[in-house]
Amino acid sequence: MLHSQFAEILKGIATDTKTLYVMGCFGAPMTVKNKVRYTSNHSYNKSATRVAMINKASSDTFGFDCAGLIKGVLWGWSGDKSHTYGGAKYATNNVPDINADSIIKACKDVSTNFNNIVVGEAVWLPGHIGVYIGNGLVVECTPSWSNGVQITAVGNIGKKAGYNTRTWSKHGKLPYIDYVESKWTPSVGDIVDYRGTVHYASANATFAIPCRGGKAKITGVYQLGKSKHPYHLVRVTGSGSTVYGWVDAGSFVKAT
């Protein structure tokens, strides 16, 4: 599965599917049979509060936990309410049944630098995991906030209006996902996601001016490979970005 496809599936679950945080679940619909199963399978689910939530859920609500969301999609979850696990087939597609901490250990190019994160990478903190979907956002399944699969902001990149924010410890490329990138040469007119916190008055200025990153448009390219800050960016109105000046190469990615 391509990283972009993976991210789109997760985004669709977050925005278009009824979900509930259920420990040990990887996409099962909350049918009567599954309610009995999941209120008996884990001490977390057995608490009176969680039992009430699970039993109250409609049959078109799908249960996930954080690692179960990732595994469920990779195991073929399709939102099939007639299937015990929503269409997922346990431990298939060479994806093992491992927890959040083991998933990050299996990832490649693991880093604490969130300036180089790409769409479809796992984001992790001890005991919890999600997936980056671009534009400073993650899809995660958590009992916090919306109590299910939801889109949140990556605090390592910056807060976003309208989203709850979580700061993560690491990110890395899942070994089960294809991260092939098409070659992109930034050009005038491209919309980018600026990751920096400063801009400059000219392409070779030495004095940095603080700004806020986010979506911006490339409006100029000056002596690429020679100037200190070869790209001129102008913020996209309404994005929260305040960049309006010259920035370094490699300080932004193509906006998704």
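Buried means under 20% relative accessible area, exposed means over 50%, and partly exposed sits in between. Keep that in your pocket for this tour, and remember that the model you have open is predicted.

**Stop one: Val221.** Select Val221 in strand S14, which covers residues 214-221. Val221 counts as partly exposed because its relative accessibility is 38%. Now add Val188 and Leu224 to the selection: together with Val221 they make a nonpolar surface patch of about 270 Å².

**Stop two: His232.** Next, jump to strand S15 (residues 231-235), where you'll find His232. Is His232 buried or exposed? At 15% relative accessibility, His232 counts as buried. Show the side chains and look for Thr219: the His232 side chain makes a polar contact with the Thr219 side chain at 2.6 Å. Leaving aside residues up to four places away in sequence, His232 also touches Lys217, Ile218 and Gly220, along with Tyr244, Gly245 and Trp246.

**Stop three: the cysteines.** Finally, select Cys66 and Cys141. How many disulfides does the structure hold? The count is 0. Put a distance label on the sulfur of Cys66: the closest cysteine sulfur, in Cys141, is 7.5 Å away, so the gap is too far for a bond. For the cut-off, a disulfide needs the two sulfur atoms within 2.5 Å. Coming from the other side, Cys141 is in no disulfide either, with the sulfur of Cys66 as its nearest cysteine sulfur. Switch on a surface before you leave: Cys66 counts as buried at 7% relative accessibility, and Cys141 is buried too, at 0%.

Technical notes
Residues are numbered from 1 along each chain as its sequence is written. This is a predicted model: local features need pLDDT of at least 70, side-chain atom pairs count only at pLDDT 80 or more; totals for chains, interfaces and linings use all residues. Side-chain values use heavy atoms; hydrogens and water are left out. Buried means under 20% relative accessible area, exposed over 50%, partly exposed in between (1.4 Å probe, protein chains only). Patches are made of residues with over 30% relative accessible area and no salt bridge: like charges are joined within 9 Å, nonpolar side chains (Val, Leu, Ile, Met, Phe, Trp, Tyr) within 5 Å. Accessible areas come from the Shrake-Rupley method with a 1.4 Å probe; for residues, only the protein chains shown count as cover. A salt bridge is a side-chain nitrogen of Lys or Arg within 4 Å of a carboxyl oxygen of Asp or Glu. Helices (H or I, at least four residues) and strands (E, at least two) are DSSP runs, numbered from the N terminus. A polar contact is a pair of N or O atoms within 3.5 Å; within protein, one must be able to donate a hydrogen and the other to accept it, and residues adjacent in sequence count only if both atoms are side-chain atoms. Contact means heavy atoms within 4.5 Å.
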